[in-house]
Amino acid sequence: MGSNHEGRQLLTNSRRNSFLICARRHYYEYELCRRPVKTPEPLRYGSLVHKMLESHWRGEEIVDLTEAARESDPYEVARAAALVDGYHEHYGTDAQAYKVVAVEQEYVAPLFNPDTRAESRTWLLSGKIDVIVKDADGRLIIVEHKTTSKSILPDGDYWPRLTIDGQIGGYHVGCDALGHKVDHVLYDVIFKLDRKVRYATEVKVNKNGAISKATRLEDETPDAYHDRYLADIRANPDRIYARRELVRLQDEIVDYMSDMWTIGKQIRISQINKYWPRNPTSCDAYGKCPYFDVCCRYASIDDDSRFATTPQHPELGGAA
């Protein structure tokens, strides 16, 4: 079992989601603290965009992308940069509309039994809030960034699930613990436009011996790819960027606390029993699980060429 905080363990939304996907996966990630050496592309790309967005809210022209771009190829970086450049253009008035209170703010908060209001002696709630801002009316607002490949148009499938998104409730609890009375969450979503890189092609020759116009002699450069991607964003920015104001009522916060309390109890049962059930229905539900070969005994979790020992909560910047 991983390390704890003031005698109690941290329960984050990422940890909760890992356990709900598969208890055995949670065991590898949060008990053994072994994670894949190579980060899956969606997570890697989302982290890269997320890191770049910090500059928007910090009022900086550039941030240190060394760690975020470590595993990314130049085209992935160019694609992320185009999305954030378009974001700057689309929401360029943010600096005037909001006063930034905090960026990447971590929190630790008590977990209460929703029935008795007794504080858990096993768990503390924890997480990291993207941005906290204050508007012209003095209201405190949480800004939550997300990237998605699902449609974010008003009639798209992305928005309905937010009505039950526990992470939003967690942010309210976190802000209360920090002494911030938040009015609502500004859910800030970016659609990941699918544009393939134009690589060099096999030379095709017309009947007259001339090279066909369909032939591409050289790979598209990352800079050219960035400019083409940004041009497509500018053609229809409302398809790429969308925001919604989300409010959590007190009974929804109680629902969140009930969820976290129950999941915390389930994790603790597995810790005590030293058994973590597998969930085969999740093996390929989110792409192939990085621990699939380990569960099937085709690979070892101790294989350092595939897995590395990490902080228990890397989403908290390495907090225990």
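Which residues are linked with E104 in a network of salt bridges? E106 and K128 are. The legends below describe close-up views of a predicted model.

**View 1. Overall fold of the predicted model.** The protein has 320 residues, and 44% of them are buried. Its secondary structure comes to ten helices and eight strands. The C-alpha atoms fill a box of roughly 85 × 60 × 35 Å along the principal axes. Contacts often reach far along the chain: among those between residues at least 6 apart in sequence, 75% join residues at least 24 apart. The exposed area is about 17,300 Å², and carbon and sulfur atoms supply 50% of that area.

**View 2. Nonpolar cores, with Y187 and its contacts.** In soluble globular proteins, nonpolar side chains tend to be buried together. The largest nonpolar core in this model has 50 residues. L83 and Y187 have the most contacts inside that core. Beyond its neighbours within four places in sequence, Y187 is in contact with E144, K146, Y158, W159, R161, L162, D165 and I168, and also with A242, R243, R244 and L246. A second, separate core holds 16 residues, among them L11, V173, M260 and W261.

**View 3. Helix 7 and its cover.** Helix 7 runs through residues 222-235. Its 14 residues should span 20 Å at 1.5 Å a residue, and the end C-alpha atoms are 20 Å apart, so the expected and modelled spans agree. Y225, H226, R228, Y229, L230 and I233 are buried in this helix. Their cover includes helix 3 (41-58), helix 4 (74-90), helix 8 (237-240) and strand 7 (241-246). A231 also belongs to helix 7. A231 counts as partly exposed because its relative accessibility is 41%. The C-alpha atoms of A231 and D293 are separated by 42 Å, with their positions 62 residues apart along the chain.

**View 4. A nonpolar patch on the surface.** V203, V205, I211 and L217 form this patch. Together they have about 390 Å² of accessible area. V203 is found in the loop between strand 6 (182-191) and helix 7. Its relative accessibility is 47%, so V203 counts as partly exposed.

**View 5. Salt bridge between D304 and R34.** Side chains of opposite charge can pair when their charged atoms come close. The structure holds 18 salt bridges. In one of them, D304 pairs with R34, and the closest N and O atoms are 2.8 Å apart. This pair links distant parts of the chain, 270 residues apart. D304 lies in the loop between helix 10 (292-295) and strand 8 (307-309), whereas R34 lies in strand 2 (residues 34-36). Are the two partners buried or exposed? D304 counts as exposed, at 57% relative accessibility. R34 counts as buried, at 8%.

**View 6. Salt bridge between D293 and R306.** D293 and R306 form a salt bridge with their closest N and O atoms 3.0 Å apart. D293 lies in helix 10 and R306 in the loop between helix 10 and strand 8, so the bridge ties together parts 13 residues apart in sequence. D293 is buried, with 17% relative accessibility. R306 is partly exposed, with a relative accessible area of 32%.

**View 7. Salt bridge between E54 and K51 within helix 3.** The side chains of E54 and K51 meet at 3.8 Å, N to O. Both residues lie in helix 3, three residues apart, about one turn of the helix. E54 counts as buried because its relative accessibility is 12%. K51 is partly exposed, with a relative accessible area of 27%.

**View 8. S18 in helix 1.** S18 sits in helix 1 (residues 13-21). At 4% relative accessibility, S18 counts as buried. Which residues does S18 touch, not counting those up to four places away in sequence? They are R25, H26, E29 and Y30. S18 and L162 are 144 residues apart in sequence and 19 Å apart in space, C-alpha to C-alpha.

Notes:
Residues are numbered from 1 along each chain as its sequence is written. This is a predicted model: local features need pLDDT of at least 70, side-chain atom pairs count only at pLDDT 80 or more; totals for chains, interfaces and linings use all residues. Side-chain values use heavy atoms; hydrogens and water are left out. Helices (H or I, at least four residues) and strands (E, at least two) are DSSP runs, numbered from the N terminus. The expected span of a helix is 1.5 Å times one less than its number of residues. Buried means under 20% relative accessible area, exposed over 50%, partly exposed in between (1.4 Å probe, protein chains only). Contact means heavy atoms within 4.5 Å. A nonpolar core is a set of buried Ala, Val, Leu, Ile, Met, Phe, Trp, Tyr and Cys residues joined through side-chain atoms within 4.5 Å. Patches are made of residues with over 30% relative accessible area and no salt bridge: like charges are joined within 9 Å, nonpolar side chains (Val, Leu, Ile, Met, Phe, Trp, Tyr) within 5 Å. Accessible areas come from the Shrake-Rupley method with a 1.4 Å probe; for residues, only the protein chains shown count as cover. A salt bridge is a side-chain nitrogen of Lys or Arg within 4 Å of a carboxyl oxygen of Asp or Glu.
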